[in-house]
Amino acid sequence: MKNPKIEKYIVTGFWAVLWAAIMIYMQIKHSFHFPYIEQSQIFLFDGAYLSEKLWQVAGVAILIEEFITQFFCIPYVGPIFVASALVGVGLITQSIVKKIAPNANAPLLALMPVALQLTTMVDYDYQYSGIISYIIAVAAIRLYLQFERQTTKVIASSLLALLLYWAAGPAAIMFVAAIAIYELFIAPSKAYFTLLPMAIIAAAGWIAIYYLHLLGEVRYAFSPDLYYKPMLQPDKAFYYAWVAMPIICFIATLLRRRGEISSARKWAEVAAQLAVVALVVSFTFKDKEYLQPMVTKFKELDYYLRYEQWDDALKLAKEQGADNTLHILMQNIALIQTDALGDKAFAYTQLGPDGITMDWSDNNPFIFSILSDLHFALGNTSIAQEVAFKKNSESIAVNHSYNSRMLKRLVLTNIIYGGESGYDVAEKYIAILEKSLFYRDWATEQRAYLYDKTPLTPMMQEQRQNMHNIDLSYRMADNFDVLNDISHCNLSRRTFEHQCMGYLLNMDLENFYQIVSRVYGTATMPTLPQTFAEALLIYTTLNKSIQGNYAIDETTQKRFLEFQNFAAQNYNNKNLAAIMRKSYGETYWYYYMFTK
Amino acid sequence: MRKLFIISTALVALAAMLCGCTYNEQEGRMSDKPLAIFPDYADVTIPANIAPLNFRIEGSNAKAQARFVSGESSVVVSSSDSRIIIAERKWRKIVDAATAGDGTIEVIVSAKEADGWVTYKPFTINVAPHPIDSHIAYRLIEPGYESWCEMGIYQRNIETFEQKPIIENSAADYGCINCHSFCQQNPDKMLFHMRQMHTGTIITDGTKIEKLNTTTPETRSPLVYPSWHPSGKYVAFTNNLTRLINLPNDHNRVEVYDGASDVVVYDVERHEIITSRNLFSTKYFETFPTFSPDGGKLYFCTADSVAMPDEFKSAKYSLCAIDFDEETRRFGERVDTLYNAHTGGRSVSFPRVSPDGRYMLYALADYGNFSIWHRDADLKMIDLTTGNEVDMTAANSDAAESYHSWSSNSRWILFNSRRVNGLYTHAYIAYVDEQGKVHKPFLLPQRDPDFYDRFMKSYNIPEFITGEVELNSYDIAQFAKEDKGIDLKFKMQE
């Protein structure tokens with residue numbers, strides 16, 4: 001390409017296309033990732049909060065990350081940020097390469113840090129302070145290359161190392177490594193001065209750990225682990241981008257004396273390098289759990305639950321099925337919220353009792369927000385609050401911030417608990433939310449309910465009323481007669497439908513019947529939900545004596561007979577389950593007979 | 001020269017402006033409304049060596065001013081947002097004046113309201129003649145619910161606002177860290193437990209650190225609730241099975257109970273656990289041991305063994321004592337009862353004797369032993385010289401008061417209370433004068449009066465220490481991670 005102007009247009013166009021491609025990819029494949037991570041931190045417009053953030057290793061990067069992340073609840077902002085950050089890294093890297101080796105013709109070098117970090121951007125354990133620190137560090141490398149006098153280089157490298165360590169954390173090591181390699185090739189006899197910024201970073205890291213107690217472990221001080229969720233160890237591939245930058249500087253210095261080459265050769269080289277980049281990108285997609293469809297589906301369902309889009313959640317569950325019990329639990333929350341659990345549970349995938357009462361005895365915080373949604377839907381304020389509290393504690397530990405979704409839940413549950421203590425705690429959380437941009441209006445609205453200034457909403461009143469029923473549900477295993485004391489409301493219906501469904505999924509018809517026989521006909525269960533009617537027919541067939549009359553429509557009874565007859569006639573057919581699924585897959589009979 | 005003149009003039013003008021901001025005392029009409037401040041420092045009694053009692057005017061975000069007057073001395077603090085943050089130098093000046101004078105500081109607060117400045121009725125801060133230990137130690141953890149993410153044991157210089165970690169779980173793979181305890185407020189002689197990760201009890205003596213594996217075939221779990229013998233040669237512990245249950249329809253929300261518990265004593269030199277049948281029985285739940293200051297008695301709480309969790313409300317703990325001979329390591333055969341739960345009807349936890357041996361301080365709740373979750377839990381105190389109960393009304397509130405400790409001079413008590421919002425536990429300090437009168441407590445002061453609004457952790461197990469723990473938290477964590485620990489032996493007294 002002889003005309004530099006056209007070449008410039010092509011290069012600019014290339015980066016623009018790349019930006020658009022990344023943005024579109026993120027929007028199509030990972031748009032739900034961004035609101036998912038947004039919920040686990042809140043940016044507060046508060047002096048003490050800001051100074052606390054800045055007084056950390058990588059404080060500037062963390063502050064920028066949290067400021068930007070708050071906008072991820074707005075569509076497209078997350079993908080735009082990721083595309084801009086990655087292209088920004090590429091452009092600065094290109095500038096570095098061009099500065100060191102003007103005729104390098106090496107787009108591979110500029111694209112490598114982009115390719116190596118593309119998938120990391122949707123790893124929910126990765127913290128965006130990492131990419132921000134990366135940008136700051138490569139910008140510092142580019143700035144450093146402007147200096148030519150030895151004294152200036154010594155002062156600049158030392159000052160930049162110190163500033164970088166504060167602003168961007170261990171990314172400063174990448175900066176020093178890159179300039180050290182560069183200096184070793186440019187002026188080997190004078191390169192020893194780069195030991196000074198190295199020593200500064202080593203000292204700064206040690207002070208941060210040993211004297212300022214800002215970091216708990218050496219790995220956080222001197223490796224990119226700082227940009228990953230504490231308590232976890234990132235995958236090896238996570239480090240490649242950080243190692244890549246010094247290597248890029250090394251290759252650029254090797255290419256610095258390269259002369260002009262022919263246009264044809266130039267394009268051939270570019271094509272070859274782009275092929276390598278494509279290979280690297282495909283390699284980064286391998287074996288990443290966070291890229292699996294089941295994870296993206298989880299994030300999508302999580303979004304629907306958070307924003308109470310129950311129909312969307314059910315549509316997704318219906319169309320794509322559920323891959324695991326967590327998906328089923330989320331689908332069942334939507335069914336509970338639409339008061340359709342008892343009627344339609346088996347119209348959706350069910351894999352057993354874990355899909356309705358997930359075991360959380362290991363205190364894994366990953367599922368706590370979902371559990372809080374479940375128990376809030378059931379009117380179990382106590383558990384909804386407990387797991388919300390634990391999830392928020394996780395955000396405090398991991399992000400040194402609050403979980404907006406769980407903090408809202410804590411406001412509601414504490415208002416529901418009421419009393420001076422409940423209102424005081426709710427007010428504490430409201431005051432925090434009021435310092436955020438996106439939650440302050442909601443928080444201020446809740447102030448009206450504090451200290452009984454305004455009557456509670458019907459939802460809140462029912463939740464308060466239902467605490468009694470939750471207590472009964474805890475005690476009924478010893479004596480089902482406590483159910484005669486139910487305080488009837490819409491939530492009592494949900495509570496005991498959920499209990500019944502738990503027994504049905506566990507194929508425990510005896511305990512299921514114990515509840516139904518006591519609540520059927522009351523305001524808690526005025527009519528029999530469809531699946532309960534189906535279950536009662538099985539219970540009757542198993543020669544159990546049923547007392548009382550249950551209104552089961554004739555169609556269901558007739559269909560049950562047909563089901564029995566068909567199953568009896570085709571008992572030896574190996575494909576019986578598949579054959580019957582078509583006609584009876586949405587019934588409890590099918591679940592009871594064929595689910596292991 | 002002209003430049004210099006202009007700069008000097010500007011500097012003088014700036015200084016005058018600054019002085020004007022600080023010392024231009026605002027007075028206006030007297031307010032007929034009572035002054036509400038947070039923390040409530042009105043009429044509290046403080047030691048002379050405490051950090052400044054910064055506070056804010058509740059329900060206001062306007063300009064404010066506070067004048068602190070003691071005798072002839074006075075200082076003025078101005079604020080643009082209702083937070084009265086007193087400079088250390090000014091605070092020392094006024095506290096010193098009070099110490100030299102009648103021991104009182106009058107605080108006159110003015111605030112700018114819509115119709116101009118108003119001045120509130122003054123309140124008093126009393127300065128006690130007795131100093132307080134310079135440091136306290138506490139664990140910071142999210143309140144309750146048996147889970148955690150990030151926690152640590154910290155030391156706070158209460159003469160300033162400086163807080164340093166003794167150990168943080170972020171340096172030790174995020175396990176649980178709990179039950180810190182000091183031998184007679186000595187920062188050099190300390191212990192704490194680590195659970196889940198790098199399990200063991202870390203015990204320090206100066207720069208020497210040991211890690212103990214406190215589970216033995218004869219005990220049911222690692223040891224908890226330590227209390228040092230004054231000689232430093234023994235530590236009493238509880239050996240228990242603790243569980244937590246949710247109470248969905250109860251104002252206490254959560255109940256923590258022991259399914260079983262016994263008391264044992266660890267011999268620091270021989271690495272041996274010793275106990276007696278009176279402390280280690282299946283018929284009773286024995287817990288919360290604490291030695292008398294002379295080391296001759298071991299106090300503990302005990303309740304009839306009941307079926308848990310079904311009967312958790314009927315577990316009521318009495319306060320008892322048994323003799324202990326440090327030379328022979330033998331326990332007495334007779335058990336004395338100081339508070340009888342059968343007749344008193346309530347339940348004792350956390351007994352602590354003042355270092356001068358005069359007072360027994362404990363928490364009393366309706367039932368159980370984990371009083372921090374009981375709104376009905378209050379502090380109680382017995383004068384051991386007379387057996388009479390000391391009036392603790394000034395220290396207690398409607399919310400839970402629980403864990404407590406004594407200063408080394410027996411004049412100050414440090415305790416937990418949930419009175420601010422019913423959930424988060426905060427540290428309060430109260431003065432106990434020579435006549436045994438307990439004065440109104442004050443909340444642990446912070447540099448920013450809004451600190452407690454945004455702080456999401458509880459102050460757990462606040463303990464006085466006479467100075468700073470010198471061991472570096474990183475070194476302690478590294479030791480805990482690398483050391484395998486010493487296995488303990490168990491011996492039952494014949």
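Two residues are taken to be in contact here if their C-beta atoms, placed from the backbone, lie within 7 Å. With that meaning of contact in hand, the buried residues of helix H4(A) can be said to be covered by elements that include H2, helix H3 (47–54), helix H7 (129–144) and helix H8 (150–168) of chain A.

The structure described in this report is a predicted model, and it scores ipTM 0.87 and pTM 0.90. For chain B the pLDDT averages 90, with 93% of the residues scoring at least 70. Over residues 15–23 of chain B, however, the pLDDT is below 50, and this stretch has four contacts in the model beyond near neighbours in sequence.

**Chain A as a whole**

Chain A contains 29 helices and zero strands, and its C-alpha atoms fill a box of roughly 95 × 65 × 40 Å, taken along the principal axes. Of the 596 residues in chain A, 46% are buried. Among the contacts in chain A with a separation of 6 or more, 69% are accounted for by residues 24 or more positions apart.

**Helices within chain A**

Helix H4 of chain A spans residues 59–69, and because nine of its eleven residues are buried, this helix is largely enclosed by the rest of the structure. The buried residues in H4(A) are Gly59(A), Val60(A), Ala61(A), Ile62(A), Leu63(A), Ile64(A), Glu65(A), Glu66(A) and Thr69(A).

A pairing of helices is found between helix H6 (residues 107–117) and helix H12 (residues 237–254) of chain A, whose axes come within 9 Å and cross at roughly 175°. Because angles over 145 degrees count as roughly antiparallel, H6(A) is therefore roughly antiparallel to H12(A). From H6(A), the residues that take part are Leu109(A), Met112(A), Pro113(A), Leu116(A) and Gln117(A), and they meet Tyr240(A), Ala241(A), Ala244(A), Met245(A), Ile248(A), Ile251(A) and Ala252(A) in H12(A). By class, the residues of this contact of H6(A) with H12(A) are eleven nonpolar, one polar and no charged.

Asp343(A) has its place in helix H17 (residues 341–344) of chain A. Asp343(A) counts as partly exposed because it has 18 C-beta neighbours inside 10 Å, whereas 20 or more would be needed for a residue to be buried. Leaving aside residues up to four places away in sequence, Asp343(A) touches Pro529(A), Gln530(A) and Thr531(A). Asn363(A) is 20 residues from Asp343(A) along the chain, and the C-alpha atoms of these two residues are separated by 32 Å.

**Domains of the two chains**

The domain assignment of chain A gives domain 1 (4–288) and domain 2 (293–458), and the centres of these two domains, taken over C-alpha atoms, are separated by 36 Å. Their contact takes 19 residues from domain 1 of chain A and 18 residues from domain 2 of chain A. On the side of domain 1 of chain A that touches domain 2, the elements giving two or more residues are helix H1 (4–30) and helix H2 (33–38), and H2(A) gives the most, with three residues.

In chain B the assignment gives domain 1 (29–127) and domain 2 (135–486), with C-alpha centres that lie 35 Å apart. Here the contact takes 17 residues from domain 1 of chain B and 16 residues from domain 2 of chain B. Strand S3 (45–46) and strand S4 (55–57) of chain B each supply at least two residues of the side of domain 1 that touches domain 2.

**Where chain B meets chain A**

Between the chains, 28 residues of chain B are in contact with 32 residues of chain A. The elements that give two or more residues to the side of chain B that touches chain A are strand S13 (163–168), helix H4 (451–454) and helix H5 (473–482) of chain B. Of these, S13(B) contributes the largest share, three residues.

The table sets out the residue classes for three of the contacting sides.

| Contacting side | Nonpolar | Polar | Charged |
|---|---|---|---|
| Domain 1 of chain A, touching domain 2 of chain A | nine residues | six residues | four residues |
| Domain 1 of chain B, touching domain 2 of chain B | eleven residues | three residues | three residues |
| Chain B, touching chain A | ten residues | nine residues | nine residues |

Terms used:
Residues numbered from 1 in each chain as written. Chains lettered and ligands numbered in written order. Predicted model: local features only at pLDDT ≥ 70, side-chain atom pairs only at ≥ 80, totals over all residues. Domains from an automatic or database assignment. Helix = DSSP H or I, 4+ residues; strand = E, 2+ residues; numbered from the N terminus. Nonpolar A, V, L, I, M, F, W, Y, C, P; charged D, E, K, R; others polar. Axes fitted to C-alpha atoms, helices over the stretch in contact; angles between N-to-C directions. Parallel < 35°, antiparallel > 145°, perpendicular 65-115°, else oblique. pLDDT = per-residue confidence, 0-100. Buried ≥ 20, exposed ≤ 12 C-beta atoms within 10 Å, placed from the backbone.
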